[in-house]
Amino acid sequence: MTTHRDAKGRPLVAVTGLGVVTSLGQGKDANWQALTAGQSGIHRIERFPTEGLRTTIGGTVDFLFDGPFTAPQLSEKLATLAAEEAVGQSGIGPDGDFPGELFMAVPPVEMEWPQKQELAQAVDGEVDYDGLLRAAATRKFAAMHELFVFGGVADHIADRFGTKGSPISLSTACSSGATAIQMGVEAIRRGETQAALCIGTDGSIHAEALIRFSLLSALSTQNDPPEGAAKPFSKNRDGFVMGEGAGALVLEDYDHALARGATILGIVAGCGERGDGFHRTRSSPDGKPAILAMQDALADAGLTPDDVDYINAHGTSTPENDKMEAMSCAAVFGERMAKLPISSNKSMIGHTLTAAGAVEAVISFLTIANGTIPPTINYANPDPAITLDVVPNEARKAKVKTILSNSFGFGGQNTCLVLTAPPEAA
Amino acid sequence: MNRRDVVITGIGIASSLGEGIEAHAAALAAGGTPVVDTESFEPYPVHPLLALELDRQIPKKSDQRQMEPWQRLGVYAAGLALDSAGLKDDAEAKSALQVIVAAGGGERDHAVDSAILSGLRGANEPGAYLNEHLMGDLRPTLFLAQLSNLLAGNIAIVHGVTGPSRTFMGEEQAGVDAIRTAHARIASGQSDLMLVGGAYNAERRDMLLLFELGGYLRRDSFAPVFEREDAPGLITGSAGAFLVLESAERAAARGAKAYAKLSHAGAARSRRAPGTVESALTKLVGAFGAIGPDSLAISAATGCAGITAEEAAALKAAAPSAKRIAAGDLVGHGVEAAFPVSVALAAIALSAGQAKEAIVTGAGHWRGEGAAHLVQA
């Protein structure tokens, strides 16, 4: 059998399945239709009371449960649906017997207020943690343990899909979805596994999560109209909008995919990753870690900036991130940056946090497949300090073979992926 | 890919026994009485952290204030590891040093939570009440101080380690997979130098609550990990351990001391029916080849019912002549840090000449099994 290797002699990593859920809908078709129509999934939050909050909007996914649910339950449901779509498309393995490993970006979760209140009801007098511990010791609330352990969601997904080995639950803040993909690429390149199910999921919009980002002054407070709040690269951008969703990719050793006659949707050609020791929430003012992450990803792919046709931006719509990203891109792409299209999916789906890198990778491969770049919506008031072609407001037809997808997160996490069209001749 | 030798060139460890290689080498050699606090969290015993001089590894008070205790402990242990590897002042190495952290998270403000839960009982509009009090009473930076990936972020900021980092979550197995992945990256040539480890603060009721919900805690008194049949369960311990892993070539080229060679690291996920932990561990350890007579078995066992006996049986079958030490008997169970702590203890024992070879095993309290194999460098 012919073995296909990249320029560095490593196995090529093919994508054979894609799945996505966001506030725009379930599945690739629904999402693609809405994204290319410039629709927003951001709306007023109705899941919990928003009285007294500065931000009252989000890209919540509200169509999956009838009754109350917790963040891990929604995160698991989102991941399951995205993975079912991706595994189904790839046609790999019998149902429930995925022949490869699981790399999963999951939100760090804690016990939520409704569950704490449930325990508190069993406490006489003033509530304190000793009282909660006594309530816990009755064993009447045993199911809460598995609900709120960090490894729970990935463990359940491993059971559902029958992935092999020890599932990884990871967090690199808002880079997490990209990191899940990178870890799958690395494992395939090491030859440890022939296939990887890489998922980013986040269904963690509840009162305290929203308030915490609000206290950090990270969120947009332009609540009215909700669909106008996320406006990456605009002059009047004032923060991100929280979103929910999941993206799932089946990665596969290229030869393994060929041998079973799978349709190859694209290649994860390169990954770059750099830490930033500057600040807990802010990026280095010189943009160096982001610049190096982009350059590393291109070098890992054996490509140059000239090969890139489009950038899927991190583009959060916070004043600082968008400025840093624009500056960093200019440093990598030079004069060409003024004409190189770069758009932000977050203008429509919000910032899906842990899931973002995976959701946006899925959208990137759809961009390649369809020859259409989704727009940056709400771009009515350009920031004169950011001179980018943000594909304003309307989708654009374009031949796209190579995409750089950026993800940057709190804690100095910078992860960039180079995603390419399948080789024309295998 | 070619498999390359992976050596441990830095060890940073802090626990109820103190900090550093010597304190833990002495405890490994002598056994002795563990440090247990049975009163502060009654009825739950814990192994409390021996107070650290934080300034020695985290010089800025402003940095210390930006972290909760588990993050401070981890940053401190990471600093010790960099010191012992001779990398603390090597800016070039630190800019390339890749980090994998096994992390939990959280650390609630117990007073705020308690007041809100009491207040919610009488609130006419509970939703508005909750919003008002969370907005007013949560410290704005608390989120970052307790966020899982911010342990790695703080290692970057405090120690100037600006290579990429990954944070693994998922209780004990996060520690196993962190070691396994770091080893695999170096063995395959994807990396030359890694900092890997974890930290756990046991002195917090919010984590005790999570374990108690599932009935996983031992009550009242200390008993050795493998002798808890009367009341099985975890006795958690505050502990942090970080290791510098390096390709043997790179270590030799810079003349670094190798404390031990990490020859294998493996992980499994059994579906937890009776016997599955024993068979998973037996298979993992079986991949290491024959275990020599002068060997040491360091177990990260939890003390939880059933699985601890299965781990004992697997160890007895795989390495019948090995001296068995439960890390939990020395420093308590460190959850995400439990496996890194155990590997660190094994490396310390080998470096001190207490054994020629060591295996490390661990079965998570609810999921995941792992094992590692170390030999003298």
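This report walks through how chains A and B meet in a predicted model, then stops at a few unusual spots in the backbone.

## How confident is the model?

Let's start with the scores. The model comes with an ipTM of 0.97 and a pTM of 0.98. For chain B, the mean pLDDT is 96, and 99% of its residues reach 70 or more. It helps to keep one rule of thumb in mind: where pLDDT is low, the predicted coordinates should not be read in detail.

## Where the two chains meet

Now for the interface. On the chain B side, 76 residues are in contact with chain A, and 81 residues of chain A are in contact with them. An interface's size is often given as the accessible area lost when the parts come together. Here, chains B and A bury about 6,800 Å² between them, and carbon and sulfur atoms account for 60% of that.

There's plenty of polar pairing too. Between chain B and chain A, 38 residue pairs are in polar contact, counting those with both residues at pLDDT 80 or more. The elements of chain B that each give at least two residues to the side touching chain A include the helices α5 (110-122), α6 (126-137) and α9 (171-187), along with the strands β4 (165-169) and β7 (260-268). Sorted by class, that side of chain B has 32 nonpolar, 27 polar and 17 charged residues.

## Salt bridges and a shared strand pairing

Charged partners show up across the interface as well: 13 salt bridges are found between chain B and chain A. If you'd like one to look up, try Arg280(A) and Asp63(B), whose closest N and O atoms are 3.0 Å apart.

The chains also pair strand to strand. Strand β6 of chain A (residues 168-171) runs antiparallel to β4(B), and three bridges join them. To find the spot, look for Ser169(A), whose bridge partner in β4(B) is Met169(B).

## Odd spots in the backbone

Each chain has a cis peptide bond to check out. In chain A, the bond from Asp224(A) to Pro225(A) is cis, with omega near -5°. Pro225(A) sits in the loop between α8 (207-215) and β8 (245-253) of chain A. In chain B, the cis bond joins Glu42(B) to Pro43(B), with omega at about 10°. You'll find Pro43(B) in the loop between α1 (20-30) and α2 (61-65) of chain B.

One last stop is Glu107(B): its phi is near 90°, a positive value in a residue other than glycine. Glu107(B) lies in the loop between β3 (98-102) and α5 of chain B.

Terms used: Residues are numbered from 1 along each chain as its sequence is written. Chains are lettered from A and ligands numbered from 1 in the order in which they are written. This is a predicted model: local features need pLDDT of at least 70, side-chain atom pairs count only at pLDDT 80 or more; totals for chains, interfaces and linings use all residues. Side-chain values use heavy atoms; hydrogens and water are left out. Contact means heavy atoms within 4.5 Å. Buried area is the accessible area (1.4 Å probe) that two parts lose on being put together, summed over both. A salt bridge is a side-chain nitrogen of Lys or Arg within 4 Å of a carboxyl oxygen of Asp or Glu. A polar contact is a pair of N or O atoms within 3.5 Å; within protein, one must be able to donate a hydrogen and the other to accept it, and residues adjacent in sequence count only if both atoms are side-chain atoms. Helices (H or I, at least four residues) and strands (E, at least two) are DSSP runs, numbered from the N terminus. Ala, Val, Leu, Ile, Met, Phe, Trp, Tyr, Cys and Pro count as nonpolar, Asp, Glu, Lys and Arg as charged, and the others, Gly among them, as polar. Two strands pair if DSSP finds at least two bridges between them. pLDDT is the predictor's confidence in each residue, from 0 to 100.
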